[in-house]
Amino acid sequence: MKNEEKGIYIHIPFCKQKCFYCDFISFANRENIIKDYVQALKKEIQYNIKNFTNVTTIYIGGGTPSFINEVYIKEILEEINIDKKDLEVTIEVNPGTATESKLRAYKNIEINRLSIGLQSANNKLLKQIGRIHTFEDFCNTYNLARKSRF
Ligand code: SF4
């Protein structure tokens, strides 16, 4: 157990709107507390930093991590002050919130994997379940991701 590999999971509980089927801890219309949440998260990271040994993955999930400003994501990753060169570092991306500049920013802060959410390729169904994007938005995000060297 001594050399057990570890993964760090970071939860970002904010979304642009709440999907109708969603049971995750996530909130819409709470932009006013994002800054405070990130500050609290950074304190929590410092509190746990002694346990960050043998880490092989970092996963930033939600919620919608791509909804909040990329500067916050940078701050959070900087707070996890370990060598990330050989790690798999993932962020969840909602196609309705991704821009080219955001994806490029992720690339510049050592994120090397995206998880792009698509629940259906059927736009009618996407609307029915409360998703904020279309299938075409997903394709656009995928193409932007490839262009940004993901
Ligand atoms: S985007 Fe994801 S976390 Fe946010 S409400 Fe929809 S399913 Fe839930």
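Hi everyone, let me start with one residue: Val55 has 16 C-beta neighbours inside 10 Å, so Val55 counts as partly exposed. By that I mean the usual three classes: a residue is buried if 20 or more other C-beta atoms lie within 10 Å of its own, exposed if 12 or fewer, and partly exposed in between, with C-beta atoms placed from the backbone.

Before I go on, a word about the model. It is a predicted one, where local features need pLDDT of at least 70, side-chain atom pairs count only at pLDDT 80 or more, and totals for chains, interfaces and linings use all residues. Residues are numbered from 1 along each chain as its sequence is written.

Back to Val55, which sits in strand β4. Helices (H or I, at least four residues) and strands (E, at least two) are DSSP runs, numbered from the N terminus. Leaving aside neighbours within four places in sequence, Val55 is in contact with Lys6, Ile8, Ile82 and Leu87. Contact here says that the C-beta atoms of two residues, placed from the backbone, lie within 7 Å. For a sense of scale, the C-alpha atoms of Val55 and His133 are separated by 34 Å, and these two residues are 78 apart along the chain.

Next door is Asn54, in the loop between α1 and β4. Asn54 has a phi near 55°, a positive value in a residue other than glycine. With 10 C-beta neighbours inside 10 Å, Asn54 counts as exposed.

Now to the inside. Which residues touch the most other members of the largest nonpolar core? Of the 18 residues in that core, they are Ile12, Phe14, Ile60, Ile73 and Ile91. A nonpolar core is a set of buried Ala, Val, Leu, Ile, Met, Phe, Trp, Tyr and Cys residues joined through C-beta atoms within 7 Å. Two or more residues each come from β1, β2 (14-15), β4, α2, β5 and α3. The largest share, three residues, is from α2. In soluble globular proteins, nonpolar side chains tend to be buried together. Take Ile60: beyond four places in sequence, Ile60 touches Ile10, Ile12, Pro65, Ile73, Thr90, Ile91 and Glu92.

Let's look at α2 itself, residues 70-79. Its buried residues are Glu70, Ile73, Ile76 and Leu77. Down the axis of α2 they fall within an arc of 115°, so they line one face of the helix. That arc is taken over the directions from the helix axis to the C-beta atoms. The face turned away from the buried side carries the exposed residues Val71 and Glu78. What covers the buried residues of α2 includes β1 (6-12), α1 (34-48), β4 (55-62), β5 (88-93) and α3 (100-108).

From α3, have a look at Lys102. Lys102 touches Ser66 and Glu70, not counting residues up to four places away in sequence. Lys102 is partly exposed, with 18 other C-beta atoms within 10 Å.

Now for a contrast within the helices: how many of the 15 residues of α1 are buried? The number is zero, so α1 lies largely in the open. From first C-alpha to last, α1 reaches 21 Å, close to the 21 Å expected at 1.5 Å a residue. The expected span is 1.5 Å times one less than the number of residues.

Helix α5, residues 135-147, reaches 18 Å with its 13 residues, close to the 18 Å expected. Here Phe138, Thr141 and Leu144 are buried. They cover an arc of only 125° around the axis, which puts them on the same side of α5. These buried residues pack against β5, α3 and β6 (113-116). On the other side, Glu136, Asn143, Arg146 and Lys147 are exposed. Just after α5, Arg149 takes a positive phi of about 75°.

Last stop, the ligand. Around it are Cys15, Lys18, Cys19, Cys22, Phe24, Ser26, Gly62, Gly63, Thr64 and Asn94. A residue is near a molecule if its C-beta atom, placed from the backbone, lies within 6 Å of it. This shell divides into four nonpolar, five polar and one charged. In that count, Ala, Val, Leu, Ile, Met, Phe, Trp, Tyr, Cys and Pro are nonpolar, Asp, Glu, Lys and Arg are charged, and the others, Gly among them, are polar. Two of the shell residues deserve a second look: a cis peptide bond joins Gly62 and Gly63, with omega about 20°. Gly63 is placed in the loop between β4 and α2. Thanks, everyone!
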